[in-house]
Amino acid sequence: MSQLQSLIPLDEFKVVLGVDDREEALAQFCLNSATTTAESYCRRKLYRRNYADSLEFMGDYSFMLRQYPVSEVLGVWKVQGLEASEIVEPELYRLSPDPFEPEIPGTEIDTPYTLIASRALKLTKGLSALRVHYAAGYATGEVPADLAAACLELAAWNMARYRGRRIGVLGNGRGRNASTSGEQFEGSMPENVKLLLEPYKRVLI
């Protein structure tokens, strides 16, 4: 069985869908597929993973990290020439927003994170960039309610299609896309799931 990379706990999904152990592998596949599809639609990673960004100094000391929300900075290294050499002390950088600042219920926001470095780093000879290792994304079972609902519904939708052995078609199709049996290809996900995912789409500038 492949590693579960799902925003929804497997046990919770099994209860909601009435899945027994005989369908557990299929349920896991549908959960993984739902995460992958949601990430593709949102043009970003949602499931929590570890990342490494190279942040080049361009006259500024604020760097937007590629993935978010950030849960932990695992380490920051100075890049001198082409080598990441000396580690940067935690006192010389901070995150905005602060992932350790307690949230007020109902005020959670899904926004990119910025690493703000101390200007004291400019004293480092030959410093060209920072190498940042960090954890970002949502852990299984720890996601905003609307995102959880989208992934749960998308996984359930996939499960229903596999159970019915009618993958990728809608009944009573007409027109150019209709098949000889009166069926047509369906979209990649239900429209209500797209609406739930809309706030989590990466804004491309």
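Let me begin with a definition: a residue is called buried when its relative accessible area is under 20%, exposed when that area is over 50%, and partly exposed in between. What we are looking at is a predicted model, and today I would like to walk through its aromatic side chains.

By that cut-off Phe57, at 18% relative accessibility, counts as buried, and Phe63, with a relative accessible area of 6%, is buried as well. The structure holds four aromatic pairs. I will take the pair of Phe29 and Tyr162 before I return to Phe57, and here the ring centres are 5.7 Å apart with the planes at 85°, so the arrangement is edge-to-face. This pair links distant parts of the chain, since Phe29 belongs to helix H2, residues 24–42, while Tyr162 belongs to helix H3, residues 145–164, and the two are 133 residues apart. Phe29 is partly exposed, with a relative accessible area of 41%, and Tyr162, at 35% relative accessibility, also counts as partly exposed.

Coming back to the buried residues, Phe57 and Phe63 form an aromatic pair that is edge-to-face, with 5.3 Å from centre to centre and 85° between the planes. Which residues do ring pairs link into a cluster here? They are Phe57, Tyr61 and Phe63.

Finally, there are two places where an arginine meets a ring. Arg44 lies over the face of Tyr68, at 3.8 Å from the ring centre, and the charged end of Arg161 sits over the ring of Trp157, at 4.1 Å from its centre.

Terms used: Residues are numbered from 1 along each chain as its sequence is written. This is a predicted model: local features need pLDDT of at least 70, side-chain atom pairs count only at pLDDT 80 or more; totals for chains, interfaces and linings use all residues. Side-chain values use heavy atoms; hydrogens and water are left out. Rings of Phe, Tyr and Trp (its six-membered ring) pair if their centres lie within 6.5 Å; planes under 30 degrees apart count as stacked, over 60 as edge-to-face and the rest as tilted. Helices (H or I, at least four residues) and strands (E, at least two) are DSSP runs, numbered from the N terminus. Buried means under 20% relative accessible area, exposed over 50%, partly exposed in between (1.4 Å probe, protein chains only). A charge sits over a ring if NZ of Lys or CZ of Arg is within 6 Å of the ring centre and within 35 degrees of the ring normal.
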